[in-house]
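Colleague: Hey, got a minute to walk me through this one? I'm still learning how to read these.

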Amino acid sequence: MSRGRVFFALGLAVLPTLAQAIHYFTGLDSLAGLEIVGITDSNGMVVKNTLVSFSNKQCIQDLYDLDFPFNFINLPSTTHELANVLVETPSNELMDFFDIHDCKSFIYFTAGDSLQAKGTKLTPTSGHELDDFFWEKQRLPNVKIRNDLEKPVNVYWESWDGQPREVSIMELVPGQEQSFGSFLSHTLIFRDVENNMRLMARAVITDGSKPIVISDLLAGLADTEVLQLTDHQVKVWRGRLRTNISRLKQNEAQPPNVRTFTDVGFRKLRIPANLLRHLQEFLEQNEGKRVDEGWNEDDLHVNFYESMTTVVALDHEMRELVFGTIKPILESWIGGEKLDPTSTYGIRRYYNGSVLRDHVDIGATHIVSAILNLGQDVDKVWPLQILDHEGRRHFIEMVAGDMCLYESATSIHGRTQAMVGRTFDNVFTHFQPVKPFDVVAAEGVHAVVHPMLTEEQEWLEAEGELEEEGEEEGGIENVEGKGLEFEEGEIGDRLVDDKMGRGQQHKPVDNFEEGTGLMEEM
């Protein structure tokens, strides 16, 4: 078994502060893109220990044969990140910069490296070789830990081998300091020797050059990341780990197995003036009905535990107006195929610090969709990041009154960098083709419908606007076994099996000319 799995740092999603799970930024093709997603800073320095792969949809199996990214998706983003460069012809800026034009090479950067140094290159022939290469870079041969408490303490690695378990490292008597070998990103836990009670501290090793002092951990003063968790928080913490793994696997599995309609997968337009006016007036008139969004506590697609999102629920009349206005626009965009509405959600408000991780929407019902921005008060552009059907990442700047049409079940999308500002208001509307179509779901995929907001449901019932279960208007169909519900933020708990079917059904019929590049205007 690989060291990456044996020494799995369980502390990926930290409560009550950070959700320390990697993003895995795919489809990168430019130096500017590396900075936008946070791989590098404005000075061209690599921010975290980063493993970079190269691939496209034709050669993605080469990565899977090396167990990438799946052997590495449990790393904590406190210390690590994964990135993927799109391989294409003609070559893009990043391919030329690294002088890599194949799908078999990797580059590793240590945090603080200059990107100009080009990192350490490896062309592994097996997953084991890649695993050994990576973990050798994480080796810390002389980590020091000091027990300055007045009682003996047992120290453990917290590892993962199908189930969380504690691997004993040492016992420290009061005043004792001892060195041991470890790896960057490992998680340590501590127990009182006398009663075996777990001390309320965990630490992800982020720096092996300074001694770990147990009292500093308990006081929250250490340079390592401190987790002071109850048993319930630990359960949530582990649930967020599973959620993140499912998200990343679904991003790999679903897009090749759902029908596409356009060449690119997205298009930015202006919201029709009449619809925009009615939505903005509705928001102003119903501001007093705003409620916190009802997230599952073990979710992390939106970082609600740091920056809670809120919702003003649309009533039946407004949902019908959204459906009726957007439906013909989407039908025209996808070449005239008729659509049925499946869900309209919002008005969601994001706040300062909000992050939305890359994801895909429901593979059976949320096929063609639109994001409508009703207003924003930001200090910095907060772009919608979206991957086209060739896997290239785009950064779409939206201002108030803009909408983005997108194939939401096949185009991975998110807003992965923290919003800088005060508010950002979106409505989401989803459709599926009238004509029946097959979704070749990944083997073992289990879909769970995200529960409606309790407050929103009560409000709709009070207004007489909540449809009966199973009706499509304004509701969310239960699509058990058909795909995961990955609306922009509307996610349920889920688990995905390792095995993934691939048979793509790609039938582009779109004639629109789509732009490319950073901060594109269409």
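Modeller: Sure, let's start with two strands: β2 and β4 pair in the antiparallel sense over 4 bridges. Two strands count as paired if DSSP finds at least two bridges between them. The strands and helices themselves are DSSP runs numbered from the N terminus, with at least four residues for a helix (H or I) and at least two for a strand (E). Before we go on, this is a predicted model, where local features need pLDDT of at least 70, side-chain atom pairs count only at pLDDT 80 or more, and totals for chains, interfaces and linings use all residues. Residues are numbered from 1 along each chain as its sequence is written, and side-chain values use heavy atoms, with hydrogens and water left out.

Colleague: Which residue is the bridge partner of Val52 in β4?

Modeller: That's Ile107. Ile107 also has a bridge partner in β5, namely Lys121. β4 and β5 (residues 120-122) pair over 3 bridges, in the antiparallel sense.

Colleague: And which way do the side chains of β4 point?

Modeller: Phe106 and Tyr108 point one way, Ile107 and Phe109 the other way, and all are buried. Buried means under 20% relative accessible area, exposed means over 50%, and partly exposed is in between (1.4 Å probe, protein chains only).

Colleague: Why do they swap like that?

Modeller: Because in a regular strand the side chains alternate between the two faces of the sheet.

Colleague: OK, what about the sheet with β6 in it, what's the strand order?

Modeller: It's an open sheet of 3 strands, in the order β9-β6-β12, with mixed pairing. The edge strands, β9 (177-183) and β12 (212-213), each pair on one side only. β6 (residues 139-146) and β9 run antiparallel and are joined by 6 bridges. As one example, Leu140 stands opposite Ser182 in β9.

Colleague: Changing topic: how many salt bridges are there?

Modeller: A search of the whole structure finds 22. A salt bridge here is a side-chain nitrogen of Lys or Arg within 4 Å of a carboxyl oxygen of Asp or Glu. Take Glu390 and Lys57, whose closest N and O atoms are 3.3 Å apart. Glu390 is in the loop between β20 (384-387) and β21 (393-396) and Lys57 in the loop between β2 (49-55) and α3 (60-65), so this pair ties together parts 333 residues apart in sequence.

Colleague: Are those two buried or partly exposed?

Modeller: Glu390 is partly exposed at 37% relative accessibility, and Lys57 is partly exposed too, at 31%.

Colleague: What about Arg259 and Glu337?

Modeller: Their side chains meet in a salt bridge, 2.9 Å from N to O. Arg259 sits in the loop between α7 (231-253) and β14 (266-270), and Glu337 in the loop between α9 (316-333) and β17 (339-351), so the bridge ties together parts 78 residues apart in sequence. Arg259 counts as buried at 19%, and Glu337 counts as buried at 17%.

Colleague: Back to that Glu390 loop for a sec, where is Asp388?

Modeller: Asp388 is in the loop between β20 and β21, and at 8% relative accessibility Asp388 counts as buried. A polar atom of its side chain lies 2.8 Å from the backbone nitrogen of Glu390. Leaving aside neighbours within four places in sequence, Asp388 is in contact (heavy atoms within 4.5 Å) with Val264, Phe266 and His394.

Colleague: Last thing, how many aromatic pairs did you get?

Modeller: The count comes to 16 aromatic pairs. Rings of Phe, Tyr and Trp (its six-membered ring) pair if their centres lie within 6.5 Å, and planes under 30 degrees apart are stacked, over 60 edge-to-face, and the rest tilted. Tyr24 and Phe68 are an edge-to-face pair, 5.8 Å centre to centre with 90° between the planes. Tyr24 is in the loop between α1 (3-6) and β1 (25-28) and Phe68 in the loop between α3 and β3 (80-86), 44 residues apart. Both Tyr24 and Phe68 are buried.

Colleague: Which cluster do those rings belong to?

Modeller: Ring pairs link Tyr24 and Phe68 into a cluster with Phe72, Phe106, Tyr108, Phe134, Trp135 and Phe183. Phe106 and Tyr108 are the residues that point one way from β4.

Technical notes. A polar contact is a pair of N or O atoms within 3.5 Å; within protein, one must be able to donate a hydrogen and the other to accept it, and residues adjacent in sequence count only if both atoms are side-chain atoms.
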